[in-house]
Amino acid sequence: MNLTVTASPHIRGRESTGRIMRDVLIALVPALAAGTWAYGPRALLLTAVTVLACLASEGLFRVLTRQHNTLADGSAAVTGVLLAMTLPATAPYWLAALGGVFAVVAVKGLCGGLGQNIFNPALAARAFLLMLWPSWLVRFAAPGAELPLLGSAAEAATSATPLHHMQMPALPETPLLDLFLGNVAGCIGEASALALLLGGVYLVARKVISPRIPVAYLGSVALLTLAFSKGENPLQWMLYSLFGGGVMLGAIFMATDYATSPATPRGQLLYGVGCGVLTVLFRYNGLFPGGVTYAILLMNAAVWLIDRYTAPRRFGAVKGGAA
């Protein structure tokens, strides 16, 4: 009898990195379309610049480090789109390109590549840009504003987001329906909560993500903002907290990143709750009204600890000793 001995894994599935990344890109189409509709074609061109910067950085980095080409897996393209979703349409193109290079080279490449990074590349790049050029990341165009397709948008009229009103604290004047459908000032990916939810439903239906992290994240934000409301109407305050800013984007597309989120079901629930608690804490006490970026990055850093203490016990193992 001839036996063929090969390296693990011995059980293989139909899933592949390319298919997963393709599904994520498809799920991001509604949000990108909503952002383009709200802020004009500059939002689409800014996304293209970010994606191209990520692809070029990935290709060049792999060549310089003498590693095989990984552009075909689509991870760099996903990073580029996600980073663009966290930027306002008024951001300069050089800033978007620099963020793409930082995300791919510093956050992912230097950590060992896809699956080895500790932090979400898109959010880490946003935090980097926010630290060095905060003024560019808080200039939000009003929906329908005519932004120049080429050149600088520094002279474009800017508008306050609903979260800025909530820092006063006061309920925003923007109707809730506008936040839900996409008629509000904000980052490209924050324009429409409906578009993000459609993308999330697609990812869950395709079994790309589990609903555990998004539900735990959004549920904890909802519960805390309802219990500690700062507005006259607690229910409206909760809904504005959920639909405003990057909570939906973070819960559905950022916190669910495979490499930077827990692998165990219990760990994913704990991780989602932690993201939600930190988001509310930062929104109520932080310098910037969003809070999502740093909440998820801090929980990224705790993933190894969460996985360690929520790992299922080995079959036959006895606590404190061997079987």
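A helix here is a DSSP run of H or I with at least four residues, numbered from the N terminus. I note before going on that this is a predicted model.

**Entry 1: Ser75**

I looked up Ser75 and found it in helix α3, which covers residues 75-85. I then asked myself whether Ser75 is buried or exposed. Ser75 has a relative accessible area of 3%, and the cut-off for buried is under 20%, so Ser75 counts as buried. I listed what Ser75 touches, leaving aside neighbours within four places in sequence. The contacts are Met21, Glu58, Lys108 and Leu114. Two of these names, Glu58 and Lys108, come up again in the next entry as a salt bridge.

**Entry 2: salt bridges**

How many salt bridges does the structure hold? I find 3. As background, side chains of opposite charge can pair when their charged atoms come close.

I took Glu58 and Lys108 to begin with. Their closest N and O atoms are 3.2 Å apart. Glu58 lies in helix α2 (residues 41-64) and Lys108 in helix α4 (residues 93-108), so this pair ties together parts that are 50 residues apart in sequence. I checked the accessibility of both partners. Glu58 is at 6% relative accessibility and counts as buried. Lys108 is at 3% and counts as buried too.

Next I looked at Asp23 and Arg19, whose side chains meet in a salt bridge at 2.5 Å, N to O. Both residues sit in helix α1 (residues 17-39), and because they are 4 residues apart there, about one helical turn separates them. I noted both Asp23 and Arg19 as buried.

Asp23 has another partner: its side chain meets that of Arg206 in a salt bridge of 3.2 Å, N to O. This pair links distant parts of the chain, with Arg206 in the loop between α8 and α9 and Asp23 in helix α1, 183 residues apart. Which of the two is buried, and which is partly exposed? Asp23 is buried, with a relative accessible area of 2%. Arg206 is partly exposed, at 36%.

I kept one point about the set for the end of this entry. Glu58 and Lys108 join helices α2 and α4, while Arg19, Asp23 and Arg206 are joined into one network by salt bridges that share partners.

**Entry 3: helix α10**

I went to helix α10, residues 234-243. At its start, a side-chain oxygen of Asn233 reaches to within 3.1 Å of the backbone nitrogen of Leu235. Just after the helix, Gly245 takes a positive phi of about 75°.

Which residues of α10 are buried? I wrote down Trp237, Met238, Tyr240, Ser241, Leu242 and Phe243. I then looked for what covers them, and the cover includes α6 (162-166), α7 (176-181) and α8 (193-205). It also includes α9 (212-227), α11 (247-254) and α12 (265-285).

**Entry 4: Ser261**

I found Ser261 in the loop between α11 and α12. Its relative accessible area is 8%, and Ser261 is buried. Not counting residues up to four places away in sequence, Ser261 touches Ile213, Ala255, Thr256, Tyr271 and Val303. What does the side chain of Ser261 reach? The partner is the backbone oxygen of Asp257, at 2.7 Å. I also checked Ser261 against Glu146, 115 residues apart along the chain, and their C-alpha atoms are separated by 39 Å.

**Entry 5: α12 and α13**

I compared α12 with helix α13, residues 292-301. Their axes come within 8 Å and cross at roughly 140°. That angle makes α12 oblique to α13. I recorded the crossing as right-handed.

On the α12 side, the residues that meet α13 are Leu270, Tyr271, Gly274, Cys275, Leu278, Thr279, Phe282 and Arg283. On the α13 side, they are Val292, Tyr294, Ala295, Ile296, Leu298, Met299 and Asn300. Tyr271 I had already met, as a contact of Ser261.

Why do I call α13 largely enclosed by the rest of the structure? I call it that because 7 of its 10 residues are buried. They are Val292, Thr293, Ala295, Ile296, Leu297, Met299 and Asn300. I listed their cover last, and it includes α5 (121-132), α9, α11, α12 and α14 (303-310).

Methods
Residues are numbered from 1 along each chain as its sequence is written. This is a predicted model: local features need pLDDT of at least 70, side-chain atom pairs count only at pLDDT 80 or more; totals for chains, interfaces and linings use all residues. Side-chain values use heavy atoms; hydrogens and water are left out. Buried means under 20% relative accessible area, exposed over 50%, partly exposed in between (1.4 Å probe, protein chains only). Helices (H or I, at least four residues) and strands (E, at least two) are DSSP runs, numbered from the N terminus. Contact means heavy atoms within 4.5 Å. A polar contact is a pair of N or O atoms within 3.5 Å; within protein, one must be able to donate a hydrogen and the other to accept it, and residues adjacent in sequence count only if both atoms are side-chain atoms. A salt bridge is a side-chain nitrogen of Lys or Arg within 4 Å of a carboxyl oxygen of Asp or Glu. Axes are lines fitted to C-alpha atoms, for helices over the stretch in contact, and angles run from 0 to 180 degrees between N-to-C directions. Angles under 35 degrees count as roughly parallel, over 145 as roughly antiparallel, 65 to 115 as roughly perpendicular and the rest as oblique. A crossing is left-handed if the near helix is turned anticlockwise from the far one by less than a right angle, and right-handed if clockwise.
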